[in-house]
Amino acid sequence: MIQLKTVLTLVATASLAACTTLGPNYQAPAANAPAAYRAAAPVAGAELQRDWWLSFGDAQLNALEAQALQASPTLAAAAARIDRARAVYGATRADELPRLDIGANETGLRTSAKSVTTPVLGGQAITFEGWQTTVQANLGWEIDLWGRVKRQAEAAQAQLDGATLDAAAARVALTADVAAAYWQWRALADEAQALQRVRDSRAKAFQVAQTRFDAGSSTTQDLERVRAELASADADVADLPRRQALVLNQIAALTGQAAAELKLQAAPLAAPPAIRAGVPSELLQRRPDLAQSLAQLHAATAQVGIAEAAFYPSIRLTGSFGYQSKDLSDLVSAPARLYNFGPSISLPLFEGGKNKANLASAKAQVDESLATFRGRMLQALREVDDALAELQGRAAVVDAQNRTLASSGQALTVARSRYDKGAVSYLDVTEAERTPLATERALAQLRGAQWVATAQLVKALGGGWGSGG
C-alpha cells in the first residue's frame with residue numbers, strides 16, 4: 001500500500017516538474033511593413049472611429065448601418081462562433097482543476113452457487129442474496145507535468161481571441177460595403193439627372209433638325225445623326241433603373257430587408273472628405289483580420305506544446321470515499337466506510353508513430369499560419385495602396401473634368417448669345433451643349449467612384465476597429 005507520505009512526495013515532485021512547459025512560447029512575427037505607402041497617403045484628415053460612418057453626418061446612412069448591424073446573418077454567425085469559442089475555453093480551463101463527482105446506487109445481489117469463487121462449507125455452497133446501497137464521492141486530478149493542460153488553455157484563449165477578431169473584421173467589412181453601395185446609389189441618382197438633361201437636349205435638337213429637314217434646309221444624314229444621338233440618350237436613360245435596382249438589391253441584402261421596403265431620398269454628392277491613412281506599420285493595430293491571423297498563429301504555436309507533451313509520462317491522482325451497506329440504517333457508519341486513494345502513472349511506449357505525426361502536423365500548422373499572416377499583411381498593404389491610388393487618380397480626373405466643364409460652359413454661353421442675335425442656328429447651341437452635359441454625367445460617375453474608393457479605404461484601414469472596436 002502506498003503510504004500518505006509517499007503520495008505527498010509524488011505530489012510535491014510533480015508540482016515542481018509542472019514548472020516545465022513544453023513547446024515554443026508564442027512570439028509575434030515581424031510585420032516587415034514598408035516605411036510608407038506607394039501612393040502618397042494623406043497626413044491630415046478624419047481619424048477613423050469605431051462607428052466611422054457617423055462622422056459623415058448622413059442620417060440616412062446611419063439608419064442603414066444600424067439596420068445592417070442588427071439584421072446581418074453574417075454578424076449573428078460570428079457572434080455564435082464567439083459563444084462557442086468561449087464555451088470551449090471554459091471547458092479547457094476546467095481541466096486545470098480537480099474533478100469531483102458523487103454518486104449513489106441501490107443494487108440487488110445474488111452470488112452464484114456454481115462459481116469457482118463461491119466458498120464451500122461442509123460440502124454446501126455459501127451464497128448471498130440481498131440488496132446493497134452505496135454512496136461514493138470520486139476525485140480525479142491530472143498533474144500538469146509538462147504544461148499540456150496549460151497549453152490547451154492557451155490555445156483555447158487564442159481561439160477565443162480569434163473568434164472575437166473575426167466578428168470585428170466581419171463588422172468592418174459589412175459597414176464599409178453598406179456605405180459603398182449607398183454612395184453608389186446616390187451617385188446613380190446624380191447621373192440620372194445628368195442623363196435626363198442630355199436626353200432633353202437631344203430631344204430639342206431632334207425637333208429642330210426635323211423642322212429644318214421638313215423645310216428642306218438640311219439633309220437626311222443630318223436628321224438621322226441627331227435621331228441616333230437621341231436614341232442613344234434614350235437607351236442610357238432606360239438602362240439606369242436596372243443599374244439602380246441592382247444597387248438597391250445589394251443594400252437590401254446587406255441590411256436584411258426586402259428591396260421593396262427601401263425608401264431612400266437622393267441628395268447630390270459633394271467631394272468626399274480626406275481620411276488619414278497613417279503609416280503601414282499601424283495596420284497591425286488597425287485591422288482586426290491581421291490580429292485574428294496572429295491569434296491563429298498563437299493557437300497553432302500552443303498546439304506544438306500539446307503535441308510534445310504526449311511523448312512524456314502523465315500522472316493522475318485519483319481517489320474515492322463513501323459508504324456501502326446492505327442495510328440503510330447502517331449506511332452512514334464507520335464500519336460501512338470505503339475509500340481508495342493513489343496516483344496512476346501512464347508512459348507512452350509504442351503508439352505506431354502517432355505522436356510523431358501529431359507533432360509534425362502541429363509544426364506544419366505553425367508554418368501555415370505564419371505564411372497566412374504574411375499573405376494577409378501583403379494583401380492589406382495592397383488594399384490600402386489601391387484605395388489611395390484610386391482616390392488620387394479620380395481626384396486628378398475630377399479636376400480635369402471641372403476645367404472641361406468650365407471651358408465648355410463658357411463656349412455654351414457664347415453659342416446661346418450668338419443664337420439670340422440670330423448669328424447661328426439652334427443646332428449650334430445643342431452642339432455646344434454636348435460637351436458640358438457629357439462632362440456633368442462623367443463627373444457624377446467620378447464622384448461616385450471617389451466615394452466608393454473612400455469606403456474601400458475605410459475597409460482597408462480596418463474601419464476604426466483599433467480606435468475602440
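**Figure 1. Asparagine 62, a partly exposed residue of helix α2.** At 22% relative accessibility, asparagine 62 counts as partly exposed, because the buried class is reserved for values under 20%. This asparagine belongs to helix α2 in what is, throughout these figures, a predicted model. Which residues does asparagine 62 touch, once those up to four places away in sequence are set aside? They are Trp53 and Leu54. For a sense of scale, follow the chain from asparagine 62 to asparagine 358: the two are 296 residues apart in sequence, and their C-alpha atoms are 50 Å apart in space.

**Figure 2. The whole protein, for orientation before the next close-ups.** Here you can trace nine helices and six strands. The radius of gyration is 39 Å, while the globule rule gives 23 Å for 469 residues, so the protein is more spread out than a compact globule. Along the principal axes, the C-alpha atoms fill a box of roughly 145 × 50 × 40 Å. Buried residues make up 38% of the 469. If you like contact maps, take the contacts between residues at least 6 apart in sequence: 84% of them join residues at least 24 apart. The protein exposes about 25,600 Å², with carbon and sulfur atoms supplying 56% of that area. As for charge, the mean position of the 46 positive charges and that of the 45 negative charges are 3 Å apart.

**Figure 3. Asparagine 32, an exposed loop residue with a positive phi.** Look for asparagine 32 in the loop between α1 (4-17) and α2 (59-71). Its phi is near 55°, a positive value in a residue other than glycine. Most residues other than glycine have a negative phi. Is asparagine 32 buried or exposed? With a relative accessible area of 65%, asparagine 32 is exposed, because the exposed class takes in values over 50%.

**Figure 4. Arginine 171, a buried arginine in helix α4.** Helix α4 covers residues 148-214, and arginine 171 lies within this helix. Despite the charge you might have in mind for its side chain, arginine 171 counts as buried, at 15% relative accessibility. What surrounds arginine 171, leaving aside its neighbours within four places in sequence? The contacts are Arg50, Asp51, Trp53, Leu69 and Leu75. Trp53 may ring a bell from the first figure, where Trp53 is touched by asparagine 62.

**Figure 5. Leucine 254, where helix α5 meets residues from elsewhere in the chain.** Leucine 254 has its place in helix α5, which takes in residues 220-255. A relative accessibility of 19% makes leucine 254 buried, because the cut-off for that class is under 20%. Beyond its neighbours within four places in sequence, leucine 254 is in contact with Ala68, Leu174, Asp177 and Val178. One of these, leucine 174, is 80 residues away along the chain, yet the C-alpha atoms of the pair are separated by 7.2 Å.

**Figure 6. Strand β4, with antiparallel partners β1 and β5.** Start with β1 (residues 99-110), which pairs with β4 (residues 129-143) in the antiparallel sense over twelve bridges. Within this pairing, isoleucine 102 has alanine 137 of β4 as its bridge partner. Strand β4 is also joined to β5 (residues 314-325), and here eleven bridges link strands that run antiparallel. Which residue of β5 is the bridge partner of leucine 139? That partner is glycine 319. Further along, glutamate 142 stands opposite arginine 316 in β5. When following the side chains, keep in mind that in a regular strand they alternate between the two faces of the sheet.

**Figure 7. From strand β5 to β6, and the loop that holds aspartate 330.** Strands β5 and β6 pair in the antiparallel sense, this time over ten bridges. Serine faces serine in one of these bridges, with serine 314 partnered by serine 346 in β6. The loop between β5 and β6 (337-346) contains aspartate 330. This aspartate is partly exposed, at a relative accessible area of 40%. Not counting residues up to four places away in sequence, aspartate 330 touches Ser325 and Ala336. For a last look across the model, pick out leucine 437: aspartate 330 and leucine 437 are 107 residues apart in sequence and 104 Å apart in space, C-alpha to C-alpha.

Terms used. Residues numbered from 1 in each chain as written. Predicted model: local features only at pLDDT ≥ 70, side-chain atom pairs only at ≥ 80, totals over all residues. Heavy atoms only, no water. Helix = DSSP H or I, 4+ residues; strand = E, 2+ residues; numbered from the N terminus. Rg over C-alpha atoms; globule rule 2.2 N^0.38 Å. Buried < 20%, exposed > 50% of the residue type's maximum accessible area, 1.4 Å probe, protein only. Contact = heavy atoms within 4.5 Å. Areas by Shrake-Rupley, 256 points an atom, 1.4 Å probe, with all protein chains shown as cover. Lys, Arg positive; Asp, Glu negative; His and termini not counted. Charge placed at Lys NZ, Arg CZ, Asp CG, Glu CD. Pairing = 2+ DSSP bridges.
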